Structures are given as C-alpha cells and as structure tokens.
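Please look over the sequence and the model that follow, and keep both in view while you read. The paragraphs below go through a few places in turn.

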Amino acid sequence: GRMDELLFFAELLGDFERVITHYIQVCDYKRALETLQKNAEATHQSDLYYKFSPALMAHVPYLTVSAWLDAMSVKDHYGNPLIEPRKLIPALMRYDPSRPKFADSEDVPGEELGSNQAVKFLLECIEVHEVNDPAVSNYLISVLAQQPSEESLLRFLNNVAKEGSYDVSYALRQCMAANKQEAVVYLYGELGLYEEAVERALGLSNLELALANADRPGQSSRERGELSGVGGDEESAELRKRLWLRIARHVVTEKNDIRAAINLMAQSEGLVKIEDILPFFPGFARIDEFKDEICNALDGYNQ
C-alpha cells in the first residue's frame with residue numbers, strides 16, 4: 001500500500017506503463033498525460049501513446065491533442081514523426097464533443113471553447129504536417145459530415161483535401177447518410193457524374209452551384225491550355241452545353257424567369273445561343289423580353 005514509493009521506484013526502473021496506468025486508475029488524467037509525454041518523447045516510445053490515448057482523449061481531449069501535436073514535431077532517427085495519426089483514430093473515436101465538461105475544461109483557451117479537438121488535430125496533421133494518409137482524411141470527412149453546418153466540410157473538400165488523399169466513394173456515402181447535400185453535389189462532380197451533380201444542385205434551388213458543376217467537364221485541361229475553342233474538346237464541350245441547357249430549361253419552365261435565361265446565355269460565353277433556348281419559352285411569352293438577342297443572332301447569321 002505504499003504507493004508513493006512504488007511510483008518512485010517504477011520511474012527509476014523506467015516502468016512508465018505502470019505509473020501511467022496508476023494515474024488513470026485514480027482519474028488523475030493530467031499527471032498520466034504529463035508522465036506519458038515526458039517519457040515517450042525522451043525514450044521515443046510511441047507505443048505508450050497508442051495504448052493510453054483512448055482513455056486520455058475521453059477525459060482530457062484538449063491536453064491530449066496538444067501533446068499529440070507536440071509529438072508530431074518530434075522526429076525519430078529516420079526523420080519521421082514520433083506518432084502516426086492513423087494509429088490514433090481509435091482514440092479519436094472515444095472523444096465525445098457534445099460532453100458538457102472534461103477534466104481539462106479550465107485549460108482550454110477562450111478562442112478554442114466549443115471547438116472540436118478531433119477536427120483540430122486531423123486538420124493540422126493534413127495542413128501543417130502534410131499527412132497524406134487516406135485513413136486520416138476519410139475519418140476527418142466522417143467527423144465533419146456529422147457537424148450541423150456544412151461549411152467546414154465544404155471548405156475541407158474544396159480547399160484542403162488533395163486529389164487521391166481520400167476515398168471519394170466513401171466520402172459520398174458519408175455525406176448522403178448525413179444529408180449534406182452541397183457536399184454530395186461536389187463529390188458527384190469529383191466522380192465525373194456532372195449531370196447528377198447539376199440535377200441535385202437544381203433540386204436544391206442552388207443555381208450558382210449548378211452552374212459551377214456545369215463548367216467542370218474538361219476544366220483542368222482548359223486551365224492548362226491543352227484544349228482549344230470555347231469549351232475544349234468536342235466531348236467536353238457537348239456535355240457542358242447539355243448541362244447549361246438543362247439549367248436554362250429549369251430557369252424558364254420551373255422558375256418562369258425568361259430574363260434569367262437570357263442572362264445565362266450571356267454567361268455561357270457563346271456555348272448556349274438564343275436558338276438553343278427558344279424551345280423552352282412558353283407559347284405566350286412576349287418577344288419584347290428577348291428581341292435584342294434574336295436580332296443579334298440574326299445579324300450574326302447574316303454576317
């Protein structure tokens with residue numbers, strides 16, 4: 001029963017696992033983490049992190065994530081980080097951000113109150129430490145998909161995630177299950193399913209999102225200047241035109257907004273012409289709405 005002497009002797013012997021286990025058993029999670037961090041970094045024993053992080057993440061998530069990020073900056077003899085983020089995913093799964101209070105709540109700085117510590121760690125691994133592990137990105141997407149707002153998820157997909165760094169099909173299933181519709185539209189585009197992306201965007205009444213996906217076919221090639229003409233190669237140009245016409249038909253027939261359809265024609269930069277969208281106009285539409293466009297088209301044919 002002489003616990004102080006036992007802990008002192010265990011530390012002298014380097015039996016840090018016994019010391020950390022004791023502190024966790026008596027719910028002194030901060031002492032457990034301090035012992036883990038001090039000795040794991042000194043001896044490069046990353047296994048201690050993988051063994052004890054699930055219990056620590058469940059009770060002191062802010063301090064645990066801070067310790068992980070410090071460990072990511074410690075390199076072994078081969079220049080690799082002390083810990084591998086993918087091996088910490090089981091610990092991240094023990095973290096419940098909806099829990100009202102943790103043992104380290106008073107240590108959290110004001111600007112981080114309410115922040116998701118799992119998201120913070122995974123984002124820093126990807127953005128700062130350039131971890132390109134699909135398991136890490138996939139888990140981050142599954143966490144972001146469960147948040148009430150789509151903003152963080154869309155920001156990650158659009159600005160942070162690199163091509164090939166995550167499983168697009170897995171991400172699509174996660175977003176569909178969580179009803180994150182704008183993310184679903186983006187991922188349809190990533191899979192090359194542009195028509196499905198445009199249809200779903202129109203179903204959301206998000207014209208801007210539909211137009212962005214209508215322009216995606218052949219986009220990377222056009223940006224590199226590999227393709228010539230207005231819309232690139234024939235196949236991409238034909239698909240883009242079909243998508244723009246689908247949007248124009250939606251605007252005219254479902255929104256009954258002829259002027260918006262004319263504006264779409266101007267936005268398409270010559271891809272869609274007046275004769276393409278005339279069949280969508282109702283039989284009782286007044287020609288005053290688009291007579292200038294008709295005259296311009298006729299002038300062009302005359303020339």
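In this predicted model, the buried residues of helix H11 pack against four other helices, namely H9 (151-160), H10 (168-177), H12 (194-203) and H13 (207-214). Helix H11 itself spans residues 181-190 and is mostly covered, with eight of its 10 residues counted as buried. If you wish to find them in the picture, the buried residues of H11 are Gln181, Ala183, Val184, Val185, Tyr186, Leu187, Tyr188 and Gly189. Just after H11, the chain reaches Gly192, whose phi is positive, at about 80°.

From there we can turn to the loop between helix H6 (89-92) and helix H7 (117-127), which is where Glu112 has its place. Is Glu112 buried or exposed? Its relative accessible area is 18%, and because the limit for a buried residue is under 20%, Glu112 counts as buried. When its neighbours within four places in sequence are left aside, Glu112 is in contact with Tyr62, Gln117 and Lys120.

The next topic is charge. Side chains of opposite charge can pair when their charged atoms come close. The structure holds 14 salt bridges, and one of them is formed by the side chains of Lys30 and Glu106, with 2.8 Å from N to O. Which parts of the chain does this pair tie together? Lys30 lies in helix H3 (residues 29-43), whereas Glu106 lies in the loop between H6 and H7, so the pair ties together parts that are 76 residues apart in sequence. Lys30 is partly exposed, with a relative accessible area of 26%, while Glu106, at 57% relative accessibility, counts as exposed. Salt bridges that share partners also bring in Asp107, so that Lys30, Glu106 and Asp107 are joined into one network.

Two further salt bridges can be followed in the same careful way. In one of them, the side chains of Asp15 and Arg18 meet at 3.1 Å, N to O; here Asp15 is partly exposed, with a relative accessible area of 27%, and Arg18 is likewise partly exposed, with a value of 48%. In the other, the side chains of Arg2 and Glu5 meet at 3.6 Å, again from N to O. Arg2 has a relative accessibility of 63% and therefore counts as exposed, whereas Glu5, with a relative accessible area of 41%, is partly exposed.

Key: Residues numbered from 1 in each chain as written. Predicted model: local features only at pLDDT ≥ 70, side-chain atom pairs only at ≥ 80, totals over all residues. Heavy atoms only, no water. Helix = DSSP H or I, 4+ residues; strand = E, 2+ residues; numbered from the N terminus. Buried < 20%, exposed > 50% of the residue type's maximum accessible area, 1.4 Å probe, protein only. Contact = heavy atoms within 4.5 Å. Salt bridge = Lys/Arg side-chain N within 4 Å of Asp/Glu carboxyl O.
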